[in-house]
2 protein chains.
Amino acid sequence: MNSIKLNMDKLYEAVAAKGHVCIGLDTAADYVPQKERQCASSDAEAVLAFNLAVIEATLDTAACYKVQIAYYEELGIAGLETYSKTLKYIRQKGALVIADIKRGDIADTASRYARAHFEGNFEADFVTLSPYLGMDAVEPWLKWAYQKGKGAFVLMRTSNPGMKDFQYLKTGPNRRMYNEVGDKLTELTESGRGIYRYGPFGAVVGADPKTDEEKQEAIAIRNQYPGLFFLIPGYGAQGGAAKDAVLLLREGNGGVVNASRSIIKAWSSDTSETAGAGKLAEADNVFAATKARDAAIKMRDAIKNELKRNA
Amino acid sequence: MNSIKLNMDKLYEAVAAKGHVCIGLDTAADYVPQKERQCASSDAEAVLAFNLAVIEATLDTAACYKVQIAYYEELGIAGLETYSKTLKYIRQKGALVIADIKRGDIADTASRYARAHFEGNFEADFVTLSPYLGMDAVEPWLKWAYQKGKGAFVLMRTSNPGMKDFQYLKTGPNRRMYNEVGDKLTELTESGRGIYRYGPFGAVVGADPKTDEEKQEAIAIRNQYPGLFFLIPGYGAQGGAAKDAVLLLREGNGGVVNASRSIIKAWSSDTSETAGAGKLAEADNVFAATKARDAAIKMRDAIKNELKRNA
């Protein structure tokens, strides 16, 4: 049993209080309103100001934030300063942040990655991990779960087309590669579950079933892994909808649903109340943040309504 | 056919000219001689000065360098500045560098990672990639191969204990998960092979067979994937030896063998000519670099002799 509260417990409580939306801050510089980008001293500064505005406007609406580090690594050292400041801001505000880093390395190297992302400049509450090397790429991170409550989401069954290349291969009767990951992850975290019976480490499971078979598969995954909290990508711009996402929830909780572009770019596709590009050229971060908030609320309510419909 | 020379071609030529050693700059601050570390203004500075000394001393001995980014991320922003400067220094000297980042993400995110590590502050000649998400985590990087000659090594069959968790699972008769990766990677790079008939992207294949069966497996892997250049970790501190590594070479080339700690920490374990810790406390970067050079030469020659013995 844990003597400290797990971040996974805090995430469960955030979902209960604020709904299931995880806002993905996959912020490219060209997602920032033109006017703001021009005023900023660099793209990294522009992204930071945009992020802070979106965070500020959505604190009561988002269960958590997910920051995709690739967008910041792309901008080099300056980008990683923005990444660091974005994480710090979220945590200062008392909100939870998932560092979407998909790291995966073994032994001592894994511990160094863990120190990099669970301490210091890049400290996050959760990380995402890739399991290809084996559980010795996951296990070293657990120390931080038991000492500091940190959490992780391990890639299990995603919804990109390439998912079928490896994750989906049969490894036995009624077993696919991703089941091996789910089973091993359950085993690894079984003895350290938190208040709400979820382990400190959960799984990334995509929500975009295109056939009835895939729908049944999503339901089966949720049933097979009751101890795993799910990070569910694929909502919105990536094609998933509320009715898909709820298949991966459990008793109204047990997962957060990530949307990135459909929230942070909501301002640019919102032409309904504008006179077109003219008005949008006038858009600033406050406008963008308001639209992000509206999109997050709409998404939160769509999931809640879908849960009610299924209840 | 490529109109530009691939980095994989340059690596082949470096191996032919200088041998098979890839020096792993997995440099922790406590690998730096105490005296130098104390003089440095920060751990990140200490690591940088150490790296530059080792690189300078080994340019004619190493086919390439591999920089494990976890060790630099651990030191935060300052660490990534050291990482950036280490890469720049190697490339300025005309040597080749593999960014050991094991990134793996899809679609637009993959392209952003590619821009992060094939351009700008963190530009490297090669990267390492993780295939768990599928080939759509690998394919977007190829654009840089055909436009700029960049290369990658995709995790295929490693030699850590956890390798058996997923990579080693049977996916068919005489097929394991790693074969799926090797086959897909061959297919993806078939049409773009370079001068020496290796594709722009190769594979990470470990060299530490513990049984005769594993030895046969290494030989089989080498035969099955003639178009894949191998990055072979596991030499030295990780247990592998020259006789294991050569199993994964092909016609005297076709792979580089990485050693990290057995080279960059050679100075600290070298007590033979010293009066023990007293003398070692006096060690500086020049001493460490000389020992690194000696260790690299020893390793290079051990592999060459093993190849001769097998010829």
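Select the charged side chains where chain A meets chain B, and the count of salt bridges between them comes to 8, a salt bridge being a side-chain nitrogen of Lys or Arg within 4 Å of a carboxyl oxygen of Asp or Glu. One to centre on is the pair K102(B) and D105(A), whose side chains meet at 2.7 Å, N to O. This is a predicted model, in which local features need pLDDT of at least 70 and side-chain atom pairs count only at pLDDT 80 or more, while totals for chains, interfaces and linings use all residues. Residues are numbered from 1 along each chain as its sequence is written, chains are lettered from A and ligands numbered from 1 in the order in which they are written, and side-chain values use heavy atoms, with hydrogens and water left out.

Next, widen the selection to the whole interface, where 53 residues of chain A are in contact with 54 residues of chain B (contact means heavy atoms within 4.5 Å). The area buried between the two chains is about 4,600 Å², with carbon and sulfur atoms giving 59% of that area; buried area is the accessible area (1.4 Å probe) that two parts lose on being put together, summed over both. Within chain A, display R112(A), Y132(A) and F166(A), which lose the most area to chain B and together make up 20% of what that side buries.

Now superpose the chains: a turn of 180° and a shift of 0.0 Å along the axis lay chain A on chain B with an RMSD of 0.0 Å, by least squares on the C-alpha atoms of residues with pLDDT of at least 70 in both. The two copies are thus related as by a two-fold rotation axis.

Inside chain A, select R103(A) and E73(A), which form a salt bridge with the closest N and O atoms 2.8 Å apart. The pair links distant parts of the chain, R103(A) lying in strand β3 and E73(A) in helix α4, 30 residues apart (helices, H or I of at least four residues, and strands, E of at least two, are DSSP runs numbered from the N terminus). Both residues are buried, where buried means under 20% relative accessible area, exposed over 50% and partly exposed in between (1.4 Å probe, protein chains only).

Finally, move to helix α15 of chain A, residues 285-310, where E306(A) and R309(A) are 3 residues apart and therefore separated by about one helical turn. Their salt bridge has its closest N and O atoms 2.9 Å apart; E306(A) is buried at 12% relative accessible area, whereas R309(A), at 65%, counts as exposed.
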